[in-house]
Amino acid sequence: MRKTVFSIILANIVGIFVIACSTDAKKPISISVDENVVVALSNYVDGDSVNATPACLLEDTVRISELLYHSEEDEITVPFKFSDTTKYAEITERNLEKRIAISINGRVVSTPVVKMRIENGACSATLPKSQILDIFPKVRVEDFNSIKN
């Protein structure tokens, strides 16, 4: 009985490993930026509420060390981490299944739906190349296309 259970578990692990290693998905291209930006989280205000001002939930100056370019989607992810992880965890918990607005340097760049409480302060925004130039003027978007995985 033990040998049978062990064999089944081992076969499943090997199967998962083979599938994971055989994927053709490309890894994102990493571009070093090393810049500080001001990131804010706000309540999302629907476009119908013209006079509503969203409440700022959290604002922090964060260090962006890299951008991740996903060539298949032609999008760039800006990963960062809030320093007040406790407050960020509370905000994400209070806003489960709700939209929040993510602003970088005063400009709303993303309005994701919060799917889970995030304890470690990790966050990211995925942007088109055109917005990257506004936020990171030193980055040459052409460089993303010239780098090979």
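**Figure 1. Antiparallel pairing of strands β4 and β5 in the predicted model**. Strand β4, spanning residues 100–104, and strand β5, spanning residues 107–110, run antiparallel and are joined by three bridges. Within this pairing, I102 has S110 of β5 as its bridge partner.

**Figure 2. The turn of the β4 and β5 hairpin**. Two residues lie between the strands of this hairpin. N105 adopts a positive phi near 50 degrees.

**Figure 3. The surroundings of E35 in strand β1**. Strand β1 covers residues 29–43 and includes E35. Although E35 is buried, it forms no salt bridge. The nearest side chain of opposite charge belongs to K138, at 4.9 Å; this separation does not count as a salt bridge because the criterion requires a side-chain nitrogen of Lys or Arg within 4 Å of a carboxyl oxygen of Asp or Glu. When neighbours within four places in sequence are set aside, the contacts of E35 are V62, R63, I64, I135, F136 and K138. K138 is thus both a contact of E35 and the residue that carries the nearest opposite charge.

**Figure 4. The largest pocket and its lining**. The largest pocket holds about 170 Å³ of space. Its lining comprises 13 residues, of which Y88, P112, V113, I118 and C123 are the closest to the centre. At least two lining residues are supplied by each of α2 (85–94), β4 and β6 (122–127). Strand β6 provides the largest share of the lining, with three residues. Strand β4 therefore appears in two of these views: it pairs with β5, and it contributes to the lining of the largest pocket.

Note on methods
Residues numbered from 1 in each chain as written. Predicted model: local features only at pLDDT ≥ 70, side-chain atom pairs only at ≥ 80, totals over all residues. Heavy atoms only, no water. Pairing = 2+ DSSP bridges. Helix = DSSP H or I, 4+ residues; strand = E, 2+ residues; numbered from the N terminus. Buried < 20%, exposed > 50% of the residue type's maximum accessible area, 1.4 Å probe, protein only. Lys, Arg positive; Asp, Glu negative; His and termini not counted. Contact = heavy atoms within 4.5 Å. 1 Å grid on protein atoms, 1.4 Å probe; cavity = no way out; pocket = protein on both sides within 12 Å on 5 of 7 lines; lining within 4 Å. Points joined across faces, edges and corners; volume = space filled by probe spheres on them.
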